[in-house]
Amino acid sequence: MPFDDKKGMQIAYEEALEGYKQGGIPIGACLIHEDGRVVGRGHNMRVQKDSMTLHAEISCFENSGRLPASLTKKCTLYSTLSPCTMCTGSALLFKIPRVVIGENETYMGGEDWLAKHDVELINVKDNRCKDLMDKFIKEHPEIWNEDIGE
């Protein structure tokens, strides 16, 4: 069965909204196997858990449990925002061959690094993702700057 990017991005966006409702940074992610099964999902929890590293993709991986590369190399990672270098490195470590992002205007992460490792990268340019980030950054610029290491 081919990947359903609309479904994956919808789940990631729902996670981003949940993070926003919790007072956190509205970035969501999910991991979907090529058979359509949702392996894991999560959202940025840096504010909620007082964490330096709990980005949406890391939260998603954590919620996926212990998985072998034989499974993750058949998955797509969906994220509402271009993944930072930490999250990009994790995707590469787990041999995820495909990453779909909601947008990269707010932040451009490790996209070149993904390309160097032959990871298929698709930017769906989802305005919902951009609008939610814009709203959050306007409301909490100091939290956003902290999240991206500024």
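## Salt bridges in a predicted model

Asp5, Arg98 and Glu120 are linked in a network of salt bridges, a salt bridge being a side-chain nitrogen of Lys or Arg within 4 Å of a carboxyl oxygen of Asp or Glu. The structure is a predicted model, in which local features need pLDDT of at least 70 and side-chain atom pairs count only at pLDDT 80 or more, while totals for chains, interfaces and linings use all residues. Residues are numbered from 1 along each chain as its sequence is written, and side-chain values use heavy atoms, with hydrogens and water left out.

Searching the whole structure gives 8 salt bridges, and the table lists some of them.

| Pair | Closest N to O |
|---|---|
| Arg41 and Glu15 | 2.7 Å |
| Glu120 and Arg98 | 3.3 Å |
| Lys130 and Asp134 | 2.9 Å |

Within the network, the salt bridge between Glu120 and Arg98 links distant parts of the chain, since Glu120 lies in strand E5 (residues 120-123) and Arg98 in strand E4 (residues 98-101), 22 residues apart. Helices (H or I, at least four residues) and strands (E, at least two) are DSSP runs, numbered from the N terminus. Glu120 is partly exposed at 41% relative accessible area, whereas Arg98 is buried at 9%; buried means under 20% relative accessible area, exposed over 50%, and partly exposed in between (1.4 Å probe, protein chains only).

Arg41 and Glu15 also meet in a salt bridge, and this pair joins strand E2 (residues 38-43), which holds Arg41, to helix H1 (residues 5-21), which holds Glu15, across 26 residues. Arg41 is partly exposed at 32%, but Glu15 is buried at 11%.

Lys130 and Asp134, by contrast, both belong to helix H7 (residues 127-139), 4 residues apart, about one turn of the helix.
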